Each structure stands twice: as structure tokens, then as C-alpha cells.
Amino acid sequence: MGSDTIKLPIVDFSQPELKPGTPQWDLVKNQVRLALEEFGCFEAKFDKIPLELRKSIFDALEELFNLPLQVKLRNSSKKPFHGYVGQYPMVPLYESMGIDDAAIPEKVESFTDLLWPEGNSKFCKTVQSYSEQLSELDKMVRRMILESLGVEKYMDEHMDSTNYLLRVMKYKGPQTTETKLGLNAHTDKNIVTILCDNQVQGLEVLTKDGQWIDVKFSPESFIVMIGDSLLAWTNGRLHSPFHRVMMSGNDGRYSAGLFSIPKAGYIIKAPEVLVDEEHPLLFKPFDHVEFLSFYYTEAGQRAQSALKTYCGV
């Protein structure tokens, strides 16, 4: 298990009047920048998701993963890691599903109708409402990042370059006090990930000095983490952390991650202003979907850093 002695920074987005240009905004913006430079992630207090909705999302996930396997397999996608993932001997406790454009009602309806042809309006409304409200936190974090880097002129392009994927995950309890692997150590490949869970522990993050730390956070909080695509876009100014899931005990862990993901065809390229003598260009421009395809090849899985192997300068 990871260390309990190191804690992730806590950043409070629940402050009233948290708007661009205010002293509160600038204070939180600096906290975000420092946390992402040092840890690549932080615990976010964000009160815009009612606790009732948060409870409903995990009720919905339990209902979703209780469906028969042949039904879950209908959640397929040409994009790697967007459809149903499960039945892997290396990670037998893990399964997950993806809901593309989860903040858009019609897209969630299509997903719901695929798995429940008779309809399931409660599931549909819960997932869409949760994703839409949580996307506000993603937008705030990304705006703060760009402001802190002095690249506000790229704001519209950056915000328009992504879609949202709600990736939902289940980890079975291993029915033992021994710690078992829930999900291999990896970095996320997207822009920003916002995670919450059903208060069953398991998430661990690797610090820059090589120490695994247990991530515990309250029912009102979320974990905000950046991925390799934002690491590349900021030309290495921020840190994309390795993380994993380690399970013990009897209880199943449910987790929901809202991923902001570069659209297919959008080329990720560090702004020129972020490249200088002190910060030489680290990565060649790349398409996220093509990078993702490489990551799931044998070479990509073997690489210590798939990003550096794929497009490092």
C-alpha cells in the first residue's frame, strides 16, 4: 500500500464569487499551478454537484455493471479504451465502460438505449446532469492553467479542441486482506481527468521522488489530474503523474472519471511562447487518437513513457 504521510494539496473551488479577475480567483489559480507542477493532481472541493446527485451516479454505476456481459459488450468503440473493457487476466478485478459526449443529452440517450432498449430515463438524466455540472470544474481548471502560463490568447481554441468522455469503472473486492492489483500503473493520455469514487479506497499516485501515496478524499471532493496531452501542450511545465488502483477487502470500488479529450484530427502542439532556451521543445506535434492507438501497441505498452517514445524530440 502507499504512504499515508504525504497528502495531495487541497484546492477550494466552492468559494463564493470565484470569478476571473478577482483576488480569490488569482489565489486559487496559483494553488492549481503549484499543485500541478509538483504532483500533477490535487483534491478539489467543488460544491456544485449536490450530494444526492453524487449518490445517484454510483447507484447508476451499480445498475450498469450488474447488466449481463453480452449487454455490456454492446458498448463498443473504434477508439481505444472508449468502449467496454473487462475480462483481462492481468487485472481480473477491473472492468470499465465509456460514455462519449456524456454532457450532451442526445449522446447519453443513445448510450442508454443501446443497453436498455426499453429505456432508462433515470440513468440517462443522472449521467448527463452529473457530466454537465462537473464539466464546469474542468473548464475552470483549464482556464486557470492557461492564465497562469500567460497563454490566454489560445483559450478559445484550447477549450473548443476537446470533447468529454465519462469513463466509469468497477473494481471487485478481492475478498482478502492482502492487497491485489486493481489497475496497472499508468499516466492518463488526455487533457484533464476529474475523478470521484464511492469512498472505497484504492487509488494511489506516484510522487516525483518515486513514492506511492494513498489518495483519500471526502465525499464532497474530487481528484483533478492532468494527462500526457496537456503535459505536451504546456511543453512540460506541468506534471502528468503515474497512478494505479490497489484493492483489498470485500467491498467493490466504483469510480467515475470525466475526461476532457482532444478531438480526432486536432493537432496537439505547444504554443511558441512556451518554447525558449530555458524550455526547449520536448514533443513533436501529434494527434491524440493516433497517440492512443500507439499506446495500446506492444511498443507503447513496453515504453517507460509512451509519450516520449511516440513523439519526444
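Which residues in helix 1 meet helix 5, and which residues in helix 5 do they meet? The tour of this predicted model starts at that contact and then proceeds to the sheets, a pocket and a cavity.

**Stop 1: helix 1 against helix 5**

Select residues 23–38 for helix 1 and residues 121–149 for helix 5. The two axes come within 9 Å and cross at roughly 85°. Because angles of 65 to 115 degrees count as roughly perpendicular, helix 1 is described as roughly perpendicular to helix 5. Next, display the side chains: from helix 1, Trp25, Val28, Lys29, Val32, Arg33 and Leu36 take part, and they meet Met140, Val141, Arg143, Met144, Ile145, Glu147, Ser148 and Leu149 in helix 5. Coloured by class, the residues of this contact divide into nine nonpolar, one polar and four charged.

**Stop 2: the seven-stranded sheet**

Now bring the strands into view. Seven strands form an open sheet in the order 1-2-9-6-11-4-3, and their pairing is mixed. Strand 1 (10–12) and strand 3 stand at the edges; each has a single partner strand, so one side of each is left without a neighbour in the sheet. On average, and with direction ignored, neighbouring strands here are turned by 25° against each other.

Keep helix 1 displayed, as it packs on this sheet, touching strand 1, strand 2 (41–45) and strand 9 (221–226). The direction of helix 1 makes about 150° with that of strand 2.

Move next to strand 3 and to strand 4, residues 162–171. These two strands pair in the antiparallel sense over seven bridges. To inspect one position along strand 4, centre on Val168, which stands opposite Met97.

**Stop 3: the pocket beside strand 3**

Which elements give two or more residues to the lining of the second largest pocket? They are strand 3 (94–100) and helix 4 (105–115). Helix 4 gives the most, with four residues. For the full lining, select Asn75, Ser76, Ser77, His82, Gly98, Ile99, Asp100, Asp101, Lys107, Ser110, Phe111 and Leu114. About 170 Å³ of space lies in this pocket. Its lining has three nonpolar, six polar and three charged residues.

**Stop 4: the four-stranded sheet**

Hide the pocket and turn to another open sheet, whose four strands follow the order 5-10-7-8 with antiparallel pairing. Strand 5 (176–186) and strand 8 (212–214) are the edge strands, each of which pairs on one side only. Neighbouring strands of this sheet are turned by 30° against each other on average, direction ignored.

Within this sheet, select residues 203–206 for strand 7 and residues 243–249 for strand 10. Three bridges join these strands, which run antiparallel. Centre on Glu204 to see one such position: its bridge partner in strand 10 is Arg244.

**Stop 5: the largest cavity**

The structure holds two cavities of 30 Å³ or more. For the final view, select the lining of the largest: His158, Ser161, Ile191, Trp233, Pro262, Tyr266 and Ile268. How much space lies in the largest cavity? The volume is about 50 Å³. The residues of its lining divide into five nonpolar and two polar, with no charged residue.

Conventions:
Residues numbered from 1 in each chain as written. Predicted model: local features only at pLDDT ≥ 70, side-chain atom pairs only at ≥ 80, totals over all residues. Heavy atoms only, no water. 1 Å grid on protein atoms, 1.4 Å probe; cavity = no way out; pocket = protein on both sides within 12 Å on 5 of 7 lines; lining within 4 Å. Points joined across faces, edges and corners; volume = space filled by probe spheres on them. Nonpolar A, V, L, I, M, F, W, Y, C, P; charged D, E, K, R; others polar. Pairing = 2+ DSSP bridges. Axes fitted to C-alpha atoms, helices over the stretch in contact; angles between N-to-C directions. Parallel < 35°, antiparallel > 145°, perpendicular 65-115°, else oblique. Contact = heavy atoms within 4.5 Å.
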